Amino acid sequence: MKKIFLLLFVTVTTMSFGQNLTIISGNLGFLKGQTEVNVERNYGSPLFQADNFSETEYLERRHKETVAKKGEAAWKTWIDTWEQHVETIWTEKFVEGLNKSKKIKFAQNIEAKYTLIIRPTWMYAGWSGFVTQPGKLSAEITIVETANPSNVLVTMKGDKIEGVGSKVDYGMEYGRLSAAYEKTGKEVGKEIKKALK
């Protein structure tokens, strides 16, 4: 009986924490010999939560909840912090995750032969409390020739990658999503490290 419970625990743990990053086309071998890669974020129009809300719908719901519980001043603080994360922090956390591999330096706004572009397609904010549900991120990641962006050398897809193992503040949605961006960066970095062995 103990073996059955142990097997069930391992299965559930694997299902819950397994990361899903897939190379859709191309391969990463062209990065051999590179020391730096530029990083861009194409925010686009990601969907949110299990209901696939648009960002406008998600924020409208969040606004209503926050004002009802804490007032308009709390909402102003929340939305200002959200906008900081959208504009800079999430991309910075993604780059931080990429740089864990230490094979190539990844940075924004640098001159490099190749540019890695992350386009988030879906985000799940999770929750915190007695039990924390991590944020999740689905994204398309491409690497293009910087001088000729139509030349896409590799396309990867991250599917519901959970933000775990980060030092961010998990108390608010934007923090949990930061962790998901960082974890996605780590997973991409691992793939690149494997390809460059």
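Is Lys160 buried, partly exposed or exposed?

**Exercise 1. Place Lys160 and Gln49.**

Solution. Start with what is being examined: this is a predicted model, in which local features need pLDDT of at least 70 and side-chain atom pairs count only at pLDDT 80 or more, while totals for chains, interfaces and linings use all residues. Residues are numbered from 1 along each chain as its sequence is written, and side-chain values use heavy atoms, with hydrogens and water left out.

Next, take the terms: buried means under 20% relative accessible area, exposed over 50%, and partly exposed in between, with a 1.4 Å probe and protein chains only. Lys160 has a relative accessible area of 46%, so Lys160 is partly exposed. Gln49, by contrast, has a relative accessible area of 16% and is therefore buried.

Then turn to the backbone. Most residues other than glycine have a negative phi. Lys160 is not a glycine, yet its phi is positive, at about 55 degrees, and Gln49, also not a glycine, has a positive phi of about 65 degrees. Lys160 lies in strand 7, whereas Gln49 sits in the loop between strand 3 (47-48) and helix 2; here helices (H or I, at least four residues) and strands (E, at least two) are DSSP runs, numbered from the N terminus.

**Exercise 2. Describe the protein chain as a whole.**

Solution. Begin with the elements: the protein chain has 4 helices and 7 strands, and from the N terminus on their order is α-β-β-β-α-α-β-β-β-β-α.

Continue with the dimensions. The C-alpha trace spans about 55 × 55 × 25 Å along its principal axes. For 197 residues, a compact globule would have a radius of gyration near 16 Å, and the 18 Å of the protein chain agrees with this; the radius is taken over C-alpha atoms, and the globule rule is 2.2 Å times the number of residues to the power 0.38.

Finish with burial and contacts: 43% of the 197 residues are buried, and, among contacts between residues at least 6 apart in sequence, 68% join residues at least 24 apart, where contact means heavy atoms within 4.5 Å.

**Exercise 3. Find the partners of two buried residues, Met156 and Glu182.**

Solution. Met156 belongs to strand 7 (residues 148-162), and its relative accessible area is 0%, so Met156 is buried. Although Met156 and Ile23 are 133 residues apart in sequence, their C-alpha atoms are 4.3 Å apart in space. Beyond neighbours within four places in sequence, the contacts of Met156 include Leu21, Ile23, Ala139, Ile141 and Val188.

Glu182 is part of helix 4 and counts as buried because its relative accessibility is 3%. Glu182 and Gly97 are 85 residues apart in sequence, but 4.5 Å apart from C-alpha to C-alpha. Not counting residues up to four places away in sequence, Glu182 touches Lys93, Phe94 and Ser166, among others.

**Exercise 4. Which residues lie nearest the centre of the largest pocket?**

Solution. A pocket is an open set of points on a 1 Å grid over the protein atoms alone, where a 1.4 Å probe fits, with protein on both sides within 12 Å along at least five of seven lines; lining residues have an atom within 4 Å of a point. The lining has 17 residues, and Tyr58, Arg62, Glu65, Thr66 and Glu173 lie nearest the centre. Two or more residues each come from helix 2 (55-70), helix 3 (72-98) and helix 4 (173-195), and helix 2 gives the most, with 7 residues.
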